Amino acid sequence: MSDAETIERLRRIGWRGQALPAGGRRLARVVAQHRAGYELNDGKHGFGAQPAGHFLKRGLDPAERPAVGDFVEYEDGRPPHILAVQPRRSVLSRAAAGERYERQTIATNIDYVLVLTGLDGDFNPARIERYLSLIEGSGAQPVVLLSKLDLAADADARLAELRARLPAGMPVHAINGKDPASVAVLAQYLQPGDSAVLVGSSGAGKSTLTNTLLGEQRMATGAVRGHDGRGRHTTTHRALLPLPSGGCLIDTPGMRELKLTGEEDLDLFADIDALAERCRFADCGHGSEPGCAVQAALDSGELSPERWRSYLKLRDEREEQAATLEAKLRRQRGGRPLDRPHGHRHSRERE
Ligand SMILES: Nc1nc2c(ncn2[C@@H]2O[C@H](COP(=O)(O)OP(=O)(O)OP(=O)(O)O)[C@@H](O)[C@H]2O)c(=O)[nH]1
Ligand SMILES: [Zn+2]
């Protein structure tokens, strides 16, 4: 196969690089990560691969290991070996829930994160804001999608509520995930070379929307879920799905259970931060302090009470999460605080 053909094939699965690697190395995208190794796709075939030894070294920052979405250079063999990870254009990550403090990479090289919420009982603006804060800083663009438009009597009110809460300019689309005409509005995020992930709680309609985008029945949906009818997880694989519109969808069950990392910026609430800078006291608690710009904005209606409450909730959640992570890390280091190098232990303890 010619280089031009290879490049064309890789572009189809989201590669944005210019030159193919030299020295007999090939390129493919990581579509799944298992305990036993990786699954790669080169735009034509899926195949298993192992990471080269240097990726397994203890003490290596987990962020440097190959992750779903990565374009990797590999060497053919039995099995093929991943030798290098190409620079990433975006990284979605969260705090790992495990023993040690680690940032877990959920997916890389994602252009759009489609945050899907049903306009039914699933509808929860606070949860949408949490997703958005997870995406903040990743390099990917969030898009808010509301499914089950066909079932919702109060869709307009819910849309208005949501738009009032979200930052201006945040794309929001209400769709019927079962209807190709309704879903067509998403083509702008799924153009050739684009990579998107679909996140949202179980039953929100991720598989349904994926099927409509694919134009075929590729994934098991809740409709064929069988006896319990409660919408338990049915999607058991991760995959890279090239779409007819030219983009591709990466399916990452890892994002389903959302956890804040304690590291996110609260950039979503930049307007509130700007307000707080106008408070008379730099350490204003925005309660009953004199000259509090936040309270003044609440009084004048410039800041809505809902938005202020979500800000406080998100901030508390983030602080709690950060404290948990810090406690974990401290336990792991034998009780020493975070930034204390081993050699300074005795002198610091006398302080
Ligand atoms: N009427 C209507 N039903 C929908 C829509 N989207 C999803 N559904 C239904 O909602 C149920 C759950 O949809 P799924 O696509 O399985 O949800 P999911 O997010 O993939 O769920 P998990 O696989 O558990 O994560 C199914 O019965 C779908 O048919 C929609 O836009 N309109
Ligand atoms: Zn204040």
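Among contacts between residues at least 6 apart in sequence, 64% in the protein chain join residues at least 24 apart. The model behind that figure is a predicted one. Its secondary structure comes to 9 helices and 13 strands, and buried residues make up 32% of the 351 residues in the chain. The domain assignment splits the chain into domain 1 (3-87), domain 2 (107-255) and domain 3 (267-332). Between the centres of domain 1 and domain 3, taken over C-alpha atoms, there are 42 Å.

We can start with the barrel. Five strands close up in the order E1-E2-E3-E5-E4, and the pairing is mixed. Neighbouring strands of this sheet are turned against each other by 55° on average, ignoring direction. One of the pairings links strand E3 (residues 46-51) with strand E5 (residues 81-85): the two run parallel and share 2 bridges. Here glutamine 50 has histidine 81 of E5 as its bridge partner. A little backbone oddity turns up in the loop between strand E4 (71-75) and E5, which is where proline 79 is found. The peptide bond joining arginine 78 and proline 79 is cis, with omega at about -5°.

Next comes strand E9 (residues 141-147), which is mostly covered, with 6 of its 7 residues buried. E9 has parallel pairings with E8 and with E10. Strand E8 (residues 112-118) is joined to E9 by 7 bridges, and within this pairing leucine 116 stands opposite leucine 145 of E9. To get from E8 to E9 the chain goes through helix H2 (residues 125-135), making a right-handed β-α-β crossover. The pairing of E9 with strand E10 (residues 172-174) rests on 3 bridges, and valine 144 meets valine 172 of E10 as its bridge partner. The handedness is right again in the β-α-β unit made by E9, helix H3 (residues 155-165) and E10.

The loop between E9 and H3 holds lysine 148. This residue has a positive phi of about 65° even though it is not a glycine. Is lysine 148 buried or exposed? Lysine 148 counts as buried, because it has 24 C-beta neighbours inside 10 Å and the cut-off for burial is 20 or more.

Helix H5 (residues 206-214) is another well-covered element: 7 of its 9 residues are buried, so the rest of the structure largely encloses it. The buried residues in H5 are Lys206, Ser207, Thr208, Leu209, Thr210, Thr212 and Leu213. Just after H5 comes glycine 215, whose phi is positive at about 75°.

Moving on to the loop between H6 and H7, the unreviewed UniProt entry lists Cys279, Cys284, His286 and Cys292 under "binding site". Cysteine 279 lies in the loop that links helix H6 (270-276) to helix H7 (293-300); cysteine 284 and histidine 286 are in this loop too. How do these residues fare for burial? Cysteine 279 has 19 other C-beta atoms within 10 Å and is therefore partly exposed, as 20 or more would be needed to call it buried. Cysteine 284 is also partly exposed, because 18 other C-beta atoms lie within 10 Å. Histidine 286 counts as partly exposed as well, with 19 C-beta neighbours inside 10 Å. Its phi is near 60°, a positive value for a residue other than glycine.

The listed residues also come together in the contacts. Leaving out residues up to four places away in sequence, cysteine 279 touches Cys284, His286, Glu289, Gly291, Cys292, Ala293 and Val294. Counted in that way, cysteine 284 touches Ala276, Cys279, Glu289 and Cys292. Glu289 thus appears among the contacts of cysteine 279 and among those of cysteine 284.

Finally, there is arginine 307, which has its place in helix H8 (residues 305-332). Arginine 307 is partly exposed, with 19 other C-beta atoms within 10 Å. In sequence, arginine 307 and leucine 241 are 66 residues apart, and in space their C-alpha atoms are 37 Å apart.

Terms used: Residues are numbered from 1 along each chain as its sequence is written. Chains are lettered from A and ligands numbered from 1 in the order in which they are written. This is a predicted model: local features need pLDDT of at least 70, side-chain atom pairs count only at pLDDT 80 or more; totals for chains, interfaces and linings use all residues. A residue is buried if 20 or more other C-beta atoms lie within 10 Å of its own, exposed if 12 or fewer, and partly exposed in between; C-beta atoms are placed from the backbone. Helices (H or I, at least four residues) and strands (E, at least two) are DSSP runs, numbered from the N terminus. Two strands pair if DSSP finds at least two bridges between them. A crossover is right-handed if, with the strands pointing away from the viewer, the path from the first strand over the helix to the second runs clockwise. UniProt positions are given in the numbering used here, feature names are shortened, and annotations may be inferred rather than shown by experiment. Two residues are in contact if their C-beta atoms, placed from the backbone, lie within 7 Å. Axes are lines fitted to C-alpha atoms, for helices over the stretch in contact, and angles run from 0 to 180 degrees between N-to-C directions. Domain bounds come from an automatic or database domain assignment.
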